[in-house]
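Please walk through this structure by its side-chain contacts, one of its pockets and a patch on its surface.

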Amino acid sequence: MKRSRKISLITVLTITIALVFLVLTSVQLILVTSYSNKSTGESYGENCGEIAQAYSMMLTNRLNMYLREIRFYVESDVVQSLDTEKIIKWMCGRNEKKSANIDAMYFCTPDGKAYRDDGTVSDCRNEEFFKAVIDEGNYEYVSNPKMDAVIKKPIFYVAHIVIVNGKKLGVFAGVYPLSTIQKMVSDIQLGETGNAWLLAGDGTVIMYPENGFAMKRNFLKGLSSENADLQAISEKMVGRKTGSGWIRNPMTKKKEFVTYTPVHNTPWSLGFNIGESQIYSAGHSIRNIMIISFGVIAFVLMSITGFVLVNLLSPLKKVEQTIIEIASGNANLTKRISVSSNNEIGEIVMGFNKFTEKLQSIVSELKKSQVTLVDAGDTLSRTTINSADAIESIKNSIIETTSGIQEQSVGINDTSATVNQIASSIDSLEKMISEQAEGVAQATGAVEEMIGSIDSVNSTVEKMVSSFNILSLSAQDGFHKQNDVNEMILKIEADSKLLLEANKVIANIAGQTNLLAMNAAIEAAHAGNAGKGFSVVADEIRKLSENSSLQSKTIGEKLGHIRMSIENVVSASKQTSAAFTAVTNGIRSTDELVQLIQNAMSEQKQGSSRIIKALHAMNDSSVEVNSASKEMSNGNHSILEQVSRLKRSSTKMQDFINSMDEKAAQIDKSSSELIDISSKVSETITQIGSQIDQFEV
């Protein structure tokens, strides 16, 4: 047999430790990196969602400011005149005084004529804002951006309907430059790669970090199959949904994380892109640090391990050399190993020396006894051969007599054991069938109770679904009513401002009246008796003026308090609107969970019905098997009685033969043992002699 190549124990231990360390550190590195990336990704997702909503609110506030500028025109006094020509003339007269945010103002009549504040007239029936306000019935509207045909720059419209005494007079629409909104979005940054982008309601890109995308690309139409993920997210954004996902940048082809949310009161949606490298930068840094530290630890560990193993295992090298010397050629048992190690390996070497010394003394004694054993072996061999010949004749006669009876006895015993085993199996089977029938009955009852519970839970879930639908409708209705209240409060706030101005006018009139009364009193005094009557009237006018001043002051204070209260109500109303929105979203999420529970309960009910049918079938089968088992048990008892009788007769014959067989077996056993012993002793003596001769003692 060819010996395999020798492998150093130090090498095996070092490689094993290195592999174990490499596997453990690799697993740890993978787990730490995965957990770090996962936790960082979840944290970024939550933070980016909140940031996107915050910036969406910033854009909403800016657009609300634009709407307030348009409401100034809608709530002007000239609108109450119901005279379209006066309204247009008043608007044109404010051309130089309009807000710096507005490029141009339009007043559009219901027939589609658009009167611009610079005096020009055009047709606005095909404009998006006109259709949204006049045709679709929106109260106010912010349009998708478009390229202005005159100035060649992107603009958008902020429109508000004009209704007086239930009659639609027209629409005020302001033209705003899109550049302001684009700059607000482009200025949004988060880290090195975080950028915001804005998408119109028709999929047109209002603003995107990549140059050349704004107002030139449409993410619903102009994307290739490689950017299907970006198109899917764009469809959700156009559908005014809030969420997040991963996309591949259409220019850099790098993965980016996107969160998106709609901009309220507009068809627009705000997105937020963050590069994968920024999200997972912390995990990559941790991974690199761990790889470097593991490399240093591995080098130090292997160096120390190799040094320690070389010093510890060097005595074993001496043991190996000594054993090879003893095993090769003549076995020289006089060899000893010198060792200075005071550890387990040193104990092994000392034990080897003691074993060799003990073996040397044993082999010495064996050499002395070798001659005596050879003579005794020869004598034993001759005696054994003579005894074997005499016993052989007795053995043959006994074997012929007992063989037939033994075969018959064995057959009867096997038959009896088999019949007993069958009887025991039938009894056990009968008990198991009874227990199975009881278990099936209990399982059937339990499943029927479970079906009843499922029906009860299912009806409860259906009631919950109906309740959540009603609650969702109520929350939406409350939200719409709250918006109506907000608009009424804003109107009240504007009316309170007008009342304050009117009160100031009254106060001025009272002051002037008081001054006139004083002048009248002076003139009446100059007129003497002829001016007494006029003096009385002047005095009454002065008193009336003073009372009017006091009342005007009181009214002013009350109006100031009312205005502060209105401002508090406006703030509370905004918070209520936000609360209604949160409640509606929560109800919608809970309703989806209840729908899932209802579907799961329906599936469980169907599965339970199939189980109960199977249990009924199993119960019927158990009854049939139980009756068949009882019939088998009765037949088996009769067979068992017949076998018992046959076994008793066979036992009597077997007892007689056994006495003869035992004596023959003893003789045969003794003869066989003597022959084997004699042969083994001879062979052993020869082998011992040849082996002992190899030792040098």
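A salt bridge here is a side-chain nitrogen of Lys or Arg within 4 Å of a carboxyl oxygen of Asp or Glu. By that rule the structure, which is a predicted model, holds 7 salt bridges. One of them joins the side chains of Asp117 and Lys98, at 3.5 Å from N to O. This contact links distant parts of the chain, 19 residues apart: Asp117 sits in the loop between β2 and β3, and Lys98 in the loop between α2 (84–93) and β1.

Aromatic contacts come next. The count of aromatic pairs is 18. Among them is the pair of Phe129 and Tyr157, with 4.7 Å from centre to centre and 35 degrees between the planes. The pair counts as tilted, because that class takes the planes that are neither under 30 degrees apart nor over 60. This pair also links distant parts of the chain, since Phe129 belongs to helix α3 (residues 128–135) and Tyr157 to strand β6, 28 residues apart.

Tyr157 leads on to a pocket. The second largest pocket has a volume of about 380 Å³. Its lining has 21 residues, and the closest to the pocket centre are Tyr106, Arg116, Asp148, Val150 and Tyr157. Which strands supply at least two residues each of this lining? They are β1 (104–108), β2 (113–116), β3 (121–123), β5 (146–147) and β6 (154–164). The largest share, 3 residues, comes from β3. By class, the lining of this pocket has 13 nonpolar, 2 polar and 6 charged residues.

The last stop is on the surface. A nonpolar patch there is formed by Ile292, Val296, Phe299, Val300, Ile304, Phe307 and Val308. Together these residues have about 730 Å² of accessible area. One of them, Val296, has its place in helix α7, which covers residues 281–327.

Methods
Residues are numbered from 1 along each chain as its sequence is written. This is a predicted model: local features need pLDDT of at least 70, side-chain atom pairs count only at pLDDT 80 or more; totals for chains, interfaces and linings use all residues. Side-chain values use heavy atoms; hydrogens and water are left out. Patches are made of residues with over 30% relative accessible area and no salt bridge: like charges are joined within 9 Å, nonpolar side chains (Val, Leu, Ile, Met, Phe, Trp, Tyr) within 5 Å. Accessible areas come from the Shrake-Rupley method with a 1.4 Å probe; for residues, only the protein chains shown count as cover. Helices (H or I, at least four residues) and strands (E, at least two) are DSSP runs, numbered from the N terminus. On a 1 Å grid over the protein atoms alone, a cavity is a set of points where a 1.4 Å probe fits but cannot get out, and a pocket is an open set with protein on both sides within 12 Å along at least five of seven lines; lining residues have an atom within 4 Å of a point. Grid points are joined across faces, edges and corners, and a volume is the space filled by probe spheres set on the points. Ala, Val, Leu, Ile, Met, Phe, Trp, Tyr, Cys and Pro count as nonpolar, Asp, Glu, Lys and Arg as charged, and the others, Gly among them, as polar. Rings of Phe, Tyr and Trp (its six-membered ring) pair if their centres lie within 6.5 Å; planes under 30 degrees apart count as stacked, over 60 as edge-to-face and the rest as tilted.
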